[in-house]
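Got your viewer open? Take this tour one selection at a time, and turn the view whenever you like.

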Amino acid sequence: MPPEVSVVIPTYNSAPLLKTALQSVFDQTYQNFEVIVINNFSTDNTVDVVDSFDDERVRLINFNNEGVIGKSRNIGIWESKGEWIAFLDSDDLWYPDKLERCVEAFRGHPEAILVAHKLRNIRGEEVIGVNELGYVSENMYESLLFHGSRFATSSVVVKRRVLEEIGGFSERPDFVGVEDYDLWLKVSKLGRFYFVDSVLGDYMIHDANFSSDIQTRATNWLNVLESHFKELPSDKKFVKRIRAAKANVLFNAGWNNLKIGNFSDARQWFYSGLKLYPFLVKLYFGLIMALLRVKVSRRLNSMAIRLNNLIRR
């Protein structure tokens with residue numbers, strides 16, 4: 001019998017973390033899966049790690065993605081055999097019942113084409129919060145478009161036929177880092193989402209969030225938004241919402257700078273957001289924090305996430 005679930009794992013020079021990620025897959029209570037590891041020609045012992053599992057369900061594909069991780073994920077999609085495709089980044093991990101709970105969700109809700117769940121956010125040895133999902137909206141496309149993404153890639157399972165229909169992840173260089181957000185937007189046009197209200201994995205946050213990375217992510221996020229805004233009707237009712245959505249991206253960039261104590265850059269992001277859309281109240285709050293040189297605490301960040309989820313509802 002072909003596997004029901006195909007697990008796609010892109011990786012590059014993260015052998016120890018990859019071993020933990022793979023072990024979390026093979027420790028699943030649900031075992032009808034295959035694993036496709038797309039290795040971007042790592043120079044560490046990635047190949048040895050994959051070979052150590054010695055299981056016919058795991059395949060290794062060496063592929064040069066030219067810095068576009070969407071290309072690696074697409075290779076995994078095209079090579080997959082399962083009805084559902086689950087994505088796992090090589091530095092994240094799943095809890096043992098992740099696949100079982102997601103498969104149950106699909107079977108219990110046959111209208112769903114995407115299932116996602118919560119993840120714990122981990123930095124080093126510290127739990128710094130939970131990636132909350134918010135609520136399933138009747139118009140998921142507009143909810144995602146105007147209020148941002150809901151989930152990390154490692155929490156998502158999608159029907160393979162849907163991914164094939166939309167052509168997989170975008171491979172545009174100016175979408176790098178947010179190509180998953182673009183994919184969720186495209187998928188949301190084709191059917192219903194279902195959110196499992198449980199933490200079923202760990203998402204690893206690294207300390208590589210320097211200003212240049214924040215700048216690139218914000219710029220590419222705006223690129224994704226622009227590509228979708230072009231498809232909206234030329235209706236005045238969307239103008240205000242479009243400006244608010246862009247300002248929200250600028251707020252997030254400022255907020256991320258506050259997290260690392262980069263107050264000067266944070267001020268510039270908040271100023272830019274206010275020039276674009278002065279009605280977004282949280283921009284003023286962020287600007288005051290930047291002027292007073294107040295870093296974002298874990299508790300404050302959790303409160304902000306919960307508030308944002310209420311707004312999405």
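How closely do the axes of helix 9 and helix 11 come, and at what angle do they cross? Before you answer, remember that this is a predicted model.

**Stop 1: helix 9 and its partners**

Select residues 236-259, which are helix 9, and residues 281-291, which are helix 11. Their axes come within 10 Å and cross at roughly 25°. That makes helix 9 roughly parallel to helix 11, since angles under 35 degrees count that way. The crossing of these two helices, helix 9 and helix 11, is left-handed.

Now show the side chains where they touch. On the helix 9 side, pick Ala247, Asn248, Phe251, Trp255 and Leu258. On the helix 11 side, pick Lys282, Leu283, Phe285, Gly286, Met289 and Ala290.

Keep helix 9 and add helix 10, residues 263-276. Is helix 9 roughly parallel or antiparallel to helix 10? The axes of helix 9 and helix 10 come within 8 Å and cross at roughly 170°. With that angle, helix 9 is roughly antiparallel to helix 10. Many residues meet here: helix 9 brings Arg243, Lys246 and Leu250, among others, while the helix 10 residues include Phe263, Trp269 and Phe270. Look for Ala247 of helix 9 too: it meets helix 10, and it is also part of the contact with helix 11.

**Stop 2: the aromatic rings**

Next, colour the aromatic rings. The structure holds 14 aromatic pairs. Zoom in on Phe151 and Phe195: their ring centres are 5.7 Å apart and their planes sit at 75°, so this pair is edge-to-face. Why does this pair tie together parts that are 44 residues apart in sequence? Because Phe151 lies in the loop between helix 5 (140-147) and strand 8 (156-159), and Phe195 lies in strand 9 (residues 192-204).

Try a surface view of these two. Phe151 is buried, with a relative accessible area of 6%, and Phe195 is buried as well, at 11%.

Then move to Phe169 and Trp184. With ring centres 6.4 Å apart and planes at 70°, this pair is edge-to-face too. The pair links distant parts of the chain, 15 residues apart: Phe169 is in the loop between helix 6 (160-166) and helix 7 (179-188), and Trp184 is in helix 7. Both Phe169 and Trp184 are buried.

Which residues form one aromatic cluster? Select Phe87, Phe151, Phe169, Trp184, Phe193 and Phe195 together and you have it.

While you're here, add Arg73: its charged end sits over the ring of Phe169, 5.5 Å from the centre. For another example, select Arg57 and Phe33. The charged end of Arg57 sits over the ring of Phe33, 4.4 Å from its centre.

**Stop 3: helix 7**

Trp184 leads us to its helix. Nine of the ten residues of helix 7 are buried, so this helix is largely enclosed by the rest of the structure. The buried residues include Glu179, Tyr181, Leu183 and Val187.

**Stop 4: two leucines**

Pick Leu17 in helix 1 (residues 15-26). Leu17 counts as partly exposed, at 38% relative accessibility. Now draw a distance from its C-alpha to that of Asp92: the two residues are 75 apart along the chain, and the atoms are separated by 7.6 Å. Leaving out residues up to four places away in sequence, Leu17 touches Ser90, Asp91 and His206.

Jump to Leu60, in strand 3 (residues 58-62). Leu60 is also partly exposed, with a relative accessible area of 27%. How far apart in space are Leu60 and Ile205? They are 25 Å apart, C-alpha to C-alpha, and 145 residues apart in sequence. Setting aside neighbours within four places in sequence, Leu60 is in contact with Val37, Asn39, Val47 and Val50.

**Stop 5: two unusual backbone angles**

Most residues other than glycine have a negative phi. Now click on Asp54, in the loop between helix 2 (46-51) and strand 3. Its phi is near 40°, a positive value. Asp54 counts as exposed, at 71% relative accessibility.

Finish at Arg293, in the loop between helix 11 and helix 12 (298-312). Arg293 has a positive phi of about 60°, although it is not a glycine. Is Arg293 buried or exposed? At 56% relative accessibility, Arg293 counts as exposed.

Conventions: Residues numbered from 1 in each chain as written. Predicted model: local features only at pLDDT ≥ 70, side-chain atom pairs only at ≥ 80, totals over all residues. Heavy atoms only, no water. Phe/Tyr/Trp six-rings, centres within 6.5 Å; stacked < 30°, edge-to-face > 60°. Helix = DSSP H or I, 4+ residues; strand = E, 2+ residues; numbered from the N terminus. Buried < 20%, exposed > 50% of the residue type's maximum accessible area, 1.4 Å probe, protein only. Lys NZ or Arg CZ within 6 Å of the ring centre and 35° of its normal. Axes fitted to C-alpha atoms, helices over the stretch in contact; angles between N-to-C directions. Parallel < 35°, antiparallel > 145°, perpendicular 65-115°, else oblique. Left-handed = near helix turned anticlockwise from the far one by under 90°. Contact = heavy atoms within 4.5 Å.
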